[in-house]
Amino acid sequence: MSSNATGYNKKSVTDIDVGGKRVLLRCDFNVPIDKETGKIRDEGRIVAALPTIEYLLKNNAAVIACSHFGRPKGEFKPEFSLAIVAESLSKHLGKPVIMAKDVIGEDAVKKSSELKPGEIMLLENTRFHSEEEKNDPEFAKKLADMADIYVSDAFGSVHRAHASTEGVSHYLPAVSGFLLKKELDYIGGAISDPKRPLVAILGGAKVSDKLGVISNLLKISDAIIIGGGMAYTFFKAEGGKIGNSLCEDDEFASVLKCKEEAKTRGVKLLLPADSVAGTEFSNDSGPKTFKSNEIPDGMMAMDIGPEAISEFTKEIAGAGTIVWNGPMGVFEFSNYAEGTRAVANAVAASNAISIIGGGDSAAAVRKFGVEDKITHISTGGGASLEFMEGKTLPGIACLLDA
Ligand code: AMP
């Protein structure tokens, strides 16, 4: 699969000679920490970084890994030290990971200059410097000065122009790692050259967050399915009764424009015919099914109903490519999880290339145990959304063209 038609046809780590070179590798080691034990709760991001690291080490590069971790707000705070990641990484690699005491300071510079081919070190949390998020050129240059090549493998951060995600590319030849390349191939492939029909499924709470993605997907999709809290702004905009359901009144004009554009372009826009609503935002709120534009006062729609499930899953079954971002309802509550579960199962059962944006839809497919049947689950929620919006992602745009 090529990432050509997205405008992103970028060099990857296999397109450049890394032997004997010092490689600055931007990873996403922003791992979740268990508040009680202080230990890493899920090592998924560390495991995901291994293929690129192992490739580089095997090909005799000296790897200087870096990442942000939490929000230390520009100063050294021990609880945001990446030392805990170095330990886990070392366990997975079966070799030592040299931990620097700083990011661009004396210790990092000394250790990076002494690093030999086939060895790996980890810099401290890039966000210990406020210059990181400001994309300060001097800070970026100091990071870059430690290396000969920059490899980006942190998809979750490519929508941000920070020193370690974009700034360093001004001083070093910059290419993607395997994890980033996979995102480019799958998301890029789905939106640039999809196997048709392309069915987009959009859900989640706020329609205002998703207007950009709806607008771009309207240009390329054959059908768009809209569920979740964001659907009710569409119903109210057309004069429907939605009770206490989520609604953004100031977006009426925008959602009506989306409907109009779908009609003009011949894109099927599916909204949930019925919904399951309760008396308050809780699991035990007496779920009842109503037509989505006839929800009584005092009731709040929190899931799509059986008729909507049937219509949506039929559309999904016929898809060639599926992109999904956002749950169909409050899937965290068991009484309102059925719509999201049914959509997850339908996506898993389909023969389509299926791509799940990060965040809540990724959590949903994991919760419902169908992650193995999905073609690609993105590692970046915000980044995958901006990618599908057709926005320029600075951390990708800055890489060398293939
Ligand atoms: P988002 O971050 O916009 O993708 O929204 C995800 C969140 O939307 C999830 O936590 C869901 O519980 C919530 N959500 C989905 N549907 C509804 C709904 N009908 N009413 C309230 N919250 C919803």
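Visitor: In which strand is Ala62 found?
Guide: This is a predicted model, in which local features need pLDDT of at least 70 and side-chain atom pairs count only at pLDDT 80 or more, whereas totals for chains, interfaces and linings use all residues. Residues are numbered from 1 along each chain as its sequence is written, and side-chain values use heavy atoms, with hydrogens and water left out. Helices (H or I, at least four residues) and strands (E, at least two) are DSSP runs numbered from the N terminus, and by that numbering Ala62 is found in strand β2.

Visitor: Is Ala62 buried or exposed, and what is its relative accessible area?
Guide: The classes are buried for under 20% relative accessible area, exposed for over 50%, and partly exposed in between, computed with a 1.4 Å probe on protein chains only. Ala62 touches Lys21, Arg22, Val23, Leu115, Lys116, Pro117, Gly118 and Glu119 when residues up to four places away in sequence are not counted, a contact being heavy atoms within 4.5 Å. Ala62 is classed as buried because its relative accessible area is 3%.

Visitor: How far apart are the C-alpha atoms of Ala62 and Ser113?
Guide: Along the chain, Ala62 and Ser113 are 51 residues apart. In space, their C-alpha atoms are separated by 9.8 Å.

Visitor: Which element gives the most residues to the largest nonpolar core?
Guide: A nonpolar core is a set of buried Ala, Val, Leu, Ile, Met, Phe, Trp, Tyr and Cys residues joined through side-chain atoms within 4.5 Å. The largest one has 71 residues, and those with the most contacts inside it include Leu217, Ile224 and Ile226. With seven residues, the element that gives the most to this core is α6.

Visitor: Where is Ser221 placed?
Guide: At 6% relative accessibility Ser221 counts as buried. Leaving aside neighbours within four places in sequence, Ser221 is in contact with Arg196, Leu198, Ala200 and Val267. Its place is in the loop between α6 (207-220) and β8 (223-226).

Visitor: Which proline is joined to Arg196 by a cis peptide bond?
Guide: The bond in question has an omega of about 0°. The residue that it joins to Arg196 has its place in the loop between α5 (178-192) and β7 (198-202). That residue is Pro197.

Visitor: Which residues other than glycine have a positive phi, near 60° and near 55°?
Guide: The residue with phi near 60° is found in the loop between β2 (62-66) and α2 (83-93), and its relative accessible area of 67% makes it exposed. The residue with phi near 55° lies in the loop between β4 (120-122) and α4 (137-145). In that order, they are Lys73 and Asn135.

Visitor: How much of the accessible area that the ligand has on its own does the protein cover?
Guide: Of the 15 residues around the ligand, counted as near if one of their heavy atoms lies within 4 Å of it, Ala205, Gly229, Ala301, Glu332 and Asp360 come nearest. Among the polar contacts, pairs of N or O atoms within 3.5 Å, an oxygen atom of the ligand is 2.6 Å from a side-chain N or O atom of Glu332, and a nitrogen atom of the ligand lies 3.0 Å from a backbone N or O atom of Gly229. An oxygen atom of the ligand is also 3.1 Å from an N or O atom in the side chain of Lys210. Of the 510 Å² of accessible area that the ligand has on its own, by the Shrake-Rupley method with a 1.4 Å probe, the protein covers 82%.

Visitor: How many disulfides does the count come to?
Guide: A disulfide is a pair of cysteine sulfur atoms within 2.5 Å. The sulfur of Cys247 is 14 Å from the closest cysteine sulfur, in Cys258, and is therefore too far for a bond. Cys398 is in no disulfide either, the nearest cysteine sulfur, that of Cys66, being 12 Å away. By this rule the number of disulfides is zero.

Visitor: What is the relative accessible area of Leu399?
Guide: Leu399 has its place in the segment after α13 (394-397). Not counting residues up to four places away in sequence, Leu399 touches Lys10, Tyr150, Ser152, Ala174, Val175, Ser176 and Leu180. Leu399 is buried, and its relative accessible area is 4%.

Note on methods: A polar contact is a pair of N or O atoms within 3.5 Å; within protein, one must be able to donate a hydrogen and the other to accept it, and residues adjacent in sequence count only if both atoms are side-chain atoms.
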